[in-house]
Amino acid sequence: MKFYPITFSPILKDRIWGGTKLKSYLHKNSDSQTTGESWEISTVPGDISVVNSGLLKGKNINEVIELYPEEILGKSVIVQYGKQFPLLFKFIDAKEDLSIQLHPNDELAKERHNSFGKTEMWYVIQADAEARLVVGFKKNSNQNEYLEALENKNLVSLLNEYPVKQGDVFFLETGTIHAIGAGVVVAEIQQTSDITYRIYDWDRVDDNGIGRELHTDLALDAINFNTTDAKMDYSEVPNESSKVVNCPYFNTNIIALQDQYSWKRTKESFTVFMCTNGQFEVIINGEIMQYQMGDTILIPAIIDSFTLKGKATLLEISI
């Protein structure tokens, strides 16, 4: 088997809050006016990514891992997760505010849903003027204060609202209350989990006057009522890989590619590139593969060196 950078067919999700920027900004093939999410690499049951090019075209990611576990995932990933692909990669377009929500930790998620928890991060790709993100409490709170604010529909008064711009990064530990605000496009990197506790949905209703389900009781045991420093500071160095987020579940660097970068890694983990701006090439043994803004590429662990060339901003994610 000749291994190569793998791309997958995006799994597009219509959402009540979605828009058209995934098509206009990130080149996703959608005619919907409410496309909210593009699941780039997923092993969530019912939404399994399928390879869209090369020798493995037509196989889903689980089939590929079953055939070549160590070559795809890497030794250290197999030690931690077996043949499970542990991360989920998305692009999200919020034309309207997302619900205020949070995610349970590994222990609660395992007990209640037989799932991983959902630690995640956001990289802001585009933000309209005055766009914001809602993340965490302004000051340490408690269950009584929270429930009173929820009952009085002024929960937002307890929460931090961050004005955002392109390039901002937020790291969301489990239990952190959060919402993506209207006018924001993000790349989202998270544990493989689709467990969300929705606690407030801005009193939205559908055409029949029915609001979406809330998870008030489930959320109570999962919320972190303390303040959290979620906004991450980092530096970009042209043509280098700069650290952005390091946590037990994933490591994310950023490559501000201006010309050329020689990429070398061990074979311990796969790597994923999410292109948030520009165009670039991957050159392996003289073979050139071209990519653009909105592309997500899985580099099998067995590939340990190649050259990146072009002008692009790349999120580089590994375990």
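Leaving aside its neighbours within four places in sequence, which residues is Gln 292 in contact with? The partners are His 27, Cys 275, Gly 278 and Gln 279. This is a predicted model, and Gln 292 is one place to enter it.

Start with where Gln 292 sits. Its place is in strand E19, which covers residues 287–292. Gln 292 counts as partly exposed, because its relative accessibility is 29%. One of its partners, His 27, is distant in sequence: 265 residues separate the two. In space, their C-alpha atoms are 8.8 Å apart.

Contacts across long stretches of sequence are a theme of the whole chain. Take the contacts between residues at least 6 apart in sequence. Of these, 75% join residues at least 24 apart.

Now step back to the overall build. The chain has seven helices and 21 strands. Along its principal axes, the C-alpha trace spans about 65 × 40 × 40 Å. How does the radius of gyration fit the length of 319 residues? A compact globule of that length would have a value near 20 Å, and the chain has 20 Å, so the two agree.

Next comes the split between inside and outside. Buried residues account for 54% of the 319 residues. The chain exposes about 14300 Å². Carbon and sulfur atoms supply 44% of that area. Charge is part of the picture too. There are 30 positive side chains and 44 negative ones. The centres of these two sets lie 5 Å apart.

Go inside. The largest nonpolar core has 59 residues. Within it, Phe 85, Phe 280 and Leu 308 touch the most other members. Strand E18, residues 271–284, gives this core its largest share, seven residues. Apart from this core lies another, of 23 residues. Its members include Val 134, Leu 158, Tyr 197 and Leu 220.

Phe 85 deserves a look of its own. Leave aside its neighbours within four places in sequence. Phe 85 is then in contact with Ile 41, Thr 43, Ile 61, Ile 65 and Leu 73, and also with Thr 192, Phe 270 and Leu 298.

Strand E18 also holds Thr 276. Is Thr 276 buried or exposed? Its relative accessible area is 2%, so Thr 276 is buried. Residues up to four places away in sequence are again not counted for its contacts. Thr 276 touches Tyr 123, Ile 125, Met 293, Thr 313 and Leu 315.

Finally, turn to the backbone. Most residues other than glycine have a negative phi. Two loop residues go the other way. Asn 114 has a phi near 50°, a positive value in a residue other than glycine. Where is Asn 114 placed? Its place is the loop between helix H5 (106–113) and strand E7 (120–127). Asn 114 counts as exposed, because its relative accessibility is 60% and thus over the 50% mark.

The second is Asp 203. Its phi is positive, about 60°, although Asp 203 is not a glycine. Asp 203 is placed in the loop between strand E13 (197–200) and helix H7 (216–220). Its relative accessible area is 45%, so Asp 203 is partly exposed.

Definitions and conventions. Residues are numbered from 1 along each chain as its sequence is written. This is a predicted model: local features need pLDDT of at least 70, side-chain atom pairs count only at pLDDT 80 or more; totals for chains, interfaces and linings use all residues. Side-chain values use heavy atoms; hydrogens and water are left out. Helices (H or I, at least four residues) and strands (E, at least two) are DSSP runs, numbered from the N terminus. The radius of gyration is taken over C-alpha atoms; the globule rule is 2.2 Å times the number of residues to the power 0.38. Buried means under 20% relative accessible area, exposed over 50%, partly exposed in between (1.4 Å probe, protein chains only). Contact means heavy atoms within 4.5 Å. Accessible areas come from the Shrake-Rupley method with a 1.4 Å probe; for residues, only the protein chains shown count as cover. Lys and Arg count as positive and Asp and Glu as negative; His and the chain ends are not counted. The place of a charge is taken as NZ of Lys, CZ of Arg, CG of Asp or CD of Glu. A nonpolar core is a set of buried Ala, Val, Leu, Ile, Met, Phe, Trp, Tyr and Cys residues joined through side-chain atoms within 4.5 Å.
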